[in-house]
Amino acid sequence: MIDTYKHKGQRRLLVQALEAKGITDEKILDAFMEVPRHLFIDGAFQHEAYEDRALPIHEGQTISQPFTVAYQTQLLALKPKTKILEIGTGSGYQAAILCAMGMRVFSVERSRPLHQKAKALLADLGYAPYLHCGDGSLGWPRYQPFQRILVTAASPGVPEPLKLQLETGGRLVIPVGGRQRQKMTVVTRLSKNEFETYRYDNFSFVPLLGKHGFEA
Ligand code: SAM
């Protein structure tokens, strides 16, 4: 696993591009500077690793655009050591960013090959999130409640189990809409039965497949 000065220089340019697009949180920018995105991308696309775009990974899935990763992370409004559940581990890049920021990370991936690949890579890089292979639209009941939940796949609605696995005051960031286009949505749990919802910009994610997602 090689991380050169050239890669670091490319990361610096990427961070500048993210700043120019409105990402202001220093901790997020520092994490983008630290995590070697090229190692989460396979050979053919590795030279594009530090361009601000989504790229294909295995199993027909994608590693999200860096701006999207930063945007969702900023909406999470994280505090030190926040306990966070990510749905859609994919390549493991977003989980690595959260680990680099010092968060307590739990992440669920539906695809076993992706889960295994991310598990090996994250361990090699020295990050230690809790990883699980299964239907993340059900959350991860064993480790609830979570202070934050982040969904990195498009959902037709806000899955009830995810809302219920938030602690009071907790926040869920999820792209909600059709298969082509979604609105970034933030749900805050105000009390046992009260939730507040805000909608932000449009995005285009691969679908969340599962019981509370789209049909596989
Ligand atoms: N966060 C990832 C990263 O940093 O590389 C990118 C996520 S990719 C845009 C969406 C991921 O969600 C895919 O890996 C897909 O297999 C996964 N996914 C789809 N439905 C899921 C479900 N019900 N539970 C868990 N993961 C799911």
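## A friendly tour of the ligand site, helices and backbone

At 58% relative accessibility, Met 1 is above the 50% cut-off, so this residue counts as exposed. That is one small corner of a predicted model, and there is plenty more to look at. The ligand sits in the largest pocket, and the protein buries 98% of the 610 Å² that the ligand exposes when taken alone. Helix α4 has 7 of its 8 residues buried, and α3 has 9 of its 10 residues buried. Below you will find the ligand site, these helices, some backbone features and a few distances along the chain.

**The ligand and its surroundings**

- There are 27 residues around the ligand, and those that come nearest are Gly 88, Ser 91, Glu 109, Gly 136 and Leu 209.
- Gly 88 offers a polar backbone atom that is 2.9 Å from a nitrogen atom of the ligand.
- Glu 109 uses its side chain instead: an N or O atom there is 2.6 Å from an oxygen atom of the ligand.
- Thr 152 also brings in its side chain, with a polar atom 3.2 Å from a nitrogen atom of the ligand.
- Which elements give two or more residues to the shell around the ligand? They are the strands β2 (62–63), β3 (83–87) and β4 (104–109), together with helix α4.
- Sorted by class, the shell holds 13 polar, 10 nonpolar and 4 charged residues.

**Helix α4**

- Helix α4 spans residues 93–100, and 7 of its 8 residues are buried, so the rest of the structure largely encloses this helix.
- The buried residues are Tyr 93, Gln 94, Ala 95, Ala 96, Ile 97, Leu 98 and Cys 99.
- Just after α4 comes Gly 102, which takes a positive phi of about 85 degrees.
- α4 is also one of the elements that give two or more residues to the ligand shell, so if you are viewing the pocket, this helix is worth finding on screen.

**Helix α3**

- Helix α3 (66–75) is mostly covered, with 9 of its 10 residues buried.
- Its buried residues are Pro 66, Phe 67, Thr 68, Val 69, Ala 70, Tyr 71, Gln 72, Thr 73 and Leu 75.
- After α3 comes Ala 77, with a positive phi near 50 degrees.

**Backbone features to look for**

- As background, most residues other than glycine have a negative phi, and most peptide bonds are trans.
- Ala 77 has its positive phi although this residue is not a glycine, and its place is the loop between α3 and β3.
- Is Ala 77 buried, partly exposed or exposed? Its relative accessible area is 34%, which lies between the 20% and 50% cut-offs, so Ala 77 is partly exposed.
- Glu 59 is another residue other than glycine with a positive phi, here near 65 degrees.
- You can find Glu 59 in the loop between β1 (55–56) and β2, where the residue is partly exposed with a relative accessible area of 47%.
- Gln 144 and Pro 145 are joined by a cis peptide bond, with omega about -5 degrees.
- Pro 145 belongs to the loop between β5 (130–133) and β6 (146–151).

**Distances along the chain and in space**

- Met 1 lies in the segment before α1 (5–20).
- How far apart are the C-alpha atoms of Met 1 and Leu 121? They are separated by 9.7 Å, with their positions 120 residues apart along the chain.
- Leu 114 is part of helix α5 (residues 112–124), and its relative accessibility is 3%, under the 20% cut-off, so Leu 114 counts as buried.
- Leu 114 and Gly 92 are 22 residues apart in sequence, and their C-alpha atoms are 8.6 Å apart in space.
- His 7 lies in helix α1 and is buried, with a relative accessible area of 18%.
- From His 7 to Arg 148 the C-alpha distance is 31 Å, and these two residues are 141 residues apart in sequence.

Conventions. Residues numbered from 1 in each chain as written. Predicted model: local features only at pLDDT ≥ 70, side-chain atom pairs only at ≥ 80, totals over all residues. Heavy atoms only, no water. Buried < 20%, exposed > 50% of the residue type's maximum accessible area, 1.4 Å probe, protein only. Helix = DSSP H or I, 4+ residues; strand = E, 2+ residues; numbered from the N terminus. Near = heavy atom within 4 Å. Polar contact = N/O pair within 3.5 Å; in protein donor to acceptor, adjacent residues only side chain to side chain. Areas by Shrake-Rupley, 256 points an atom, 1.4 Å probe, with all protein chains shown as cover. 1 Å grid on protein atoms, 1.4 Å probe; cavity = no way out; pocket = protein on both sides within 12 Å on 5 of 7 lines; lining within 4 Å. Sits in = over half its atoms within 2 Å of the grid points. Nonpolar A, V, L, I, M, F, W, Y, C, P; charged D, E, K, R; others polar.
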